[in-house]
Amino acid sequence: MKIVLSLIILFISQYSYAMKIVMVVPVKKHDVFWETVHQVSVVSAKSLGVELEVISGGIDRFSTLELIDKITSRQDKPDYIIFRPFHGNAIPTFNKIEASGISFITLEQPVYGDEALQLKKPQQKYKHWIGEVVYNNSKAGQQLLDALFSEFASNDANAMPSLIGIGGNLDNLSASREFALTNLASKHDSRINQIFPTYWVHQNVAVNFKAMMARYPKTNIFWCASDKLALEVLKQHQLQFGKSAIIGGFDWLPEALEKIKQGQLTASMGGHFLMGAISITKAFDHHHGIDRFDHPPYDFELITKHNVENHLDFMQKKQWHNVDYNQFSAFKSGKEPIKLTMKNLLKATTE
């Protein structure tokens, strides 16, 4: 009887002190990318035995601060908060979490300028800001540009490339992603016409596409800051000209990968849907005394017609459910773990 009672107490104790994470996902209606981040995060947390609560919201700086205020005001506080900050009120948001004593992890790097300088780096000004999970958007923007130019040249080496950039908004994420284009523009490179901001609203492409083409009728390449924008460009180009063009984007949306397979889109940069799962894995290790946040930005991975088959199958069948995420944890694996990347996920599901 005493043994049984001891086991019950041990079980209750372990359950009561289970590691708790709240992750705020900036999901808008029908946002396939962030919904994928959500799903993979849930699977990875379950694999590690982490109690994860995902809150959908935080689509702007105001709603994010409101949610953070509610989370930090709870009587039963989580051990960690994972969220994407927004430029404009990141400082009061960070102050709120820091005062609560909750460890937090940020996603992406949307904050820029003086505000970013005031935040400093993780564990400098804010000791509870234990780390960030970011991807190298500048490098990825260049990779996408190179892939589009390469595909264009392979179709007709004698033709003159003429490119339009379909950008996001004015934050650091967009600026980093578009750096390759602005670099060309600063050099007055004849291959680039103009970069049009869309504020991540694909309907802005539909409204302005004819005007863009009227201004730059020789355009034959479209660099897009997201797959959703790329898909809208494809739709409008087909409506106006009855054919596709050289088009690439970001995010690995299943619909975009299907279009790559069909030869209607050229390329997509992605893999960053793993940012939530990476944060959870690193938070788990941190909770067990292992700090793995001193890490350079992760690299995006490029999908073209040459490697789309395996990636499309993985994304459509949601094969991230078939992965043991313990192998990506230093605490669980007992050694330096392998990186949580799409390449390693594909390997894990085929072994």
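**Cavity.** I began with the largest cavity, which holds about 30 Å³ of space. The model I am working from is predicted. I searched for cavities of 30 Å³ or more, and the structure holds one. I then listed the lining of the largest cavity: Val32, Phe33, Thr36, Asp251, Trp252, Leu253, Pro254, Phe273 and Met315. Helix 2 gives the largest share of that lining, three residues. Sorted by class, I got seven nonpolar residues, one polar and one charged.

**Asp251.** I looked at Asp251 next, as one of the residues lining the largest cavity. I placed Asp251 in the loop that runs between strand 9 (246-250) and helix 11 (254-261). Its phi is near 120°, a positive value in a residue that is not glycine. Is Asp251 buried or exposed? Asp251 has 14% relative accessibility; the cut-off for buried is under 20%, so Asp251 counts as buried.

**Lys318.** I also noted a positive phi at Lys318, near 50°, again in a residue other than glycine. Lys318 sits in the loop between helix 13 (308-316) and helix 14 (330-333). Its relative accessible area is 36%. Buried ends at 20% and exposed starts over 50%, so I entered Lys318 as partly exposed.

**Largest pocket.** I turned to the open sites. For the largest pocket I noted a volume of about 1,100 Å³. Its lining has 42 residues, and those nearest the centre are Lys28, Asp31, Trp34, Tyr199 and Trp200. Which helix supplies the largest share of this lining? I found that helix 10 does, with seven residues. Helix 2 (32-48), helix 3 (61-72), helix 7 (172-177), helix 10 (227-241) and helix 11 each contribute at least two residues. I split the lining by class and got 19 nonpolar, eight polar and 15 charged residues. Helix 2 is thus on my list for the largest pocket and also for the largest cavity.

**Second largest pocket.** The second largest pocket has a volume of about 300 Å³. I recorded 17 lining residues, with Pro122, Glu132, Phe293, Asp294 and His295 nearest the centre. Which strand gives the most to this lining? I found strand 5 (residues 129-133), with four residues. The class split here is eight nonpolar, five polar and four charged residues.

Technical notes. Residues numbered from 1 in each chain as written. Predicted model: local features only at pLDDT ≥ 70, side-chain atom pairs only at ≥ 80, totals over all residues. Heavy atoms only, no water. Buried < 20%, exposed > 50% of the residue type's maximum accessible area, 1.4 Å probe, protein only. 1 Å grid on protein atoms, 1.4 Å probe; cavity = no way out; pocket = protein on both sides within 12 Å on 5 of 7 lines; lining within 4 Å. Points joined across faces, edges and corners; volume = space filled by probe spheres on them. Nonpolar A, V, L, I, M, F, W, Y, C, P; charged D, E, K, R; others polar.
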